[in-house]
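Here are a few exercises to work through with the model open beside you. Try each task before you read its solution.

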Amino acid sequence: MALPESCASVSKYPSKDSLRERFRMLHQKRQESRKLNYEQVVEEDHRSKLPKNYDLKRKRQEWELKQMELKKAAEDRGEDYDRLQALKTQADLIERKEAVKRKKKPDKGFSDYEAMTLRQYQRLSGNIKPDIKAYEKMREVIGAKEFYPGVDTLISGTHYPTDAALNKLSEDIKAQEKKRDQYHRRRMFDPDAPIDYINERNRKFNQKLDRFYDRYTEDLKSDLERGTAI
């Protein structure tokens, strides 16, 4: 028995419930894609505000942490980590690395106070041994966004140093003072030296000027003292 033409035409189209379900699924997919797109835009904006060498620096820090873990494990086993690493490295490769290191960081001695301060900073920062457990714990407490701050991150009040870290800082400062006292030598006072200062601070300032500029102004100074300067 054939269906009427009107019933056959109606059966060709989906029902309202099926259309409503399809619209609901499309709307849900649209919301999900919008959310993913927003997250990607935020992540891309965050990466664009980071320094250019951020990824390399982060990988370097992770590599250093891994090396420290391996070194600690070797010490727990009673083994020398440096010796184990040397056994895995070729001798000619080590020589080339040492040559490159000497070429990059030659010991030029004292040049000025700025270079001396930079060398001291590099030496002190190189001696820092981070605590891996405290590092991981602080990252979990603060969160990744606060732990790896960007230009728009407020870091005030997000880090609270432990008592052990404060004690370590205090001991390090005392060790620096002790080492500085070992190299301190008291300069003898010359009573026959000309008095060209008005107080102790001015005397030290004049000594610094003489140290850096005396060789250039020696002739002019002698002419002024003799009264023969033009």
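**Getting oriented**

The chain holds 10 helices and 0 strands; helices (H or I, at least four residues) and strands (E, at least two) are DSSP runs, numbered from the N terminus. This is a predicted model, in which local features need pLDDT of at least 70 and side-chain atom pairs count only at pLDDT 80 or more, while totals for chains, interfaces and linings use all residues. Residues are numbered from 1 along each chain as its sequence is written, and side-chain values use heavy atoms, with hydrogens and water left out.

**Exercise 1: the chain as a whole**

Task: Work out what pattern the chain follows and what share of its residues is buried.

Solution:
- Step 1. Reading along the sequence gives α-α-α-α-α-α-α-α-α-α.
- Step 2. Apply the burial scale: buried is under 20% relative accessible area, exposed is over 50%, and partly exposed lies in between (1.4 Å probe, protein chains only). Of the 230 residues, 5% are buried.
- Step 3. Turn to the surface, using accessible areas from the Shrake-Rupley method with a 1.4 Å probe, where for residues only the protein chains shown count as cover. The chain exposes about 22,400 Å², and carbon and sulfur atoms supply 55% of that area.

**Exercise 2: salt bridges**

Task: Find which residue forms a salt bridge with Glu 62, and where the two lie.

Solution:
- Step 1. Set the rule: a side-chain nitrogen of Lys or Arg within 4 Å of a carboxyl oxygen of Asp or Glu. The count by this rule is 6 salt bridges.
- Step 2. The partner of Glu 62 is Arg 58, with the closest N and O atoms 3.7 Å apart.
- Step 3. Both residues belong to helix H3 (residues 54-76) and sit 4 residues apart, about one turn of the helix.
- Step 4. Check exposure: Glu 62 is partly exposed at 42%, and Arg 58 is partly exposed at 31%.
- Step 5. Try another pair, Glu 200 and Arg 203, whose side chains meet at 2.3 Å, N to O. Helix H10 (residues 200-226) contains both, 3 residues apart, about one turn of the helix.
- Step 6. Add Glu 79 and Arg 77, with closest N and O atoms 3.2 Å apart. Here Glu 79 is partly exposed at 36%, whereas Arg 77 counts as exposed at 52%.

**Exercise 3: a nonpolar patch**

Task: Determine which helix gives the most residues to the nonpolar patch.

Solution:
- Step 1. Patches are made of residues with over 30% relative accessible area and no salt bridge; like charges are joined within 9 Å, and nonpolar side chains (Val, Leu, Ile, Met, Phe, Trp, Tyr) within 5 Å.
- Step 2. The members are Tyr 113, Met 116, Phe 205, Leu 209, Phe 212, Tyr 213 and Tyr 216, together offering about 750 Å² of accessible area.
- Step 3. Helix H6 (113-126) and H10 each supply at least two residues, and H10 gives the most, with 5.
- Step 4. Take Tyr 216 in helix H10 as a check: this residue counts as exposed, at 58% relative accessibility.
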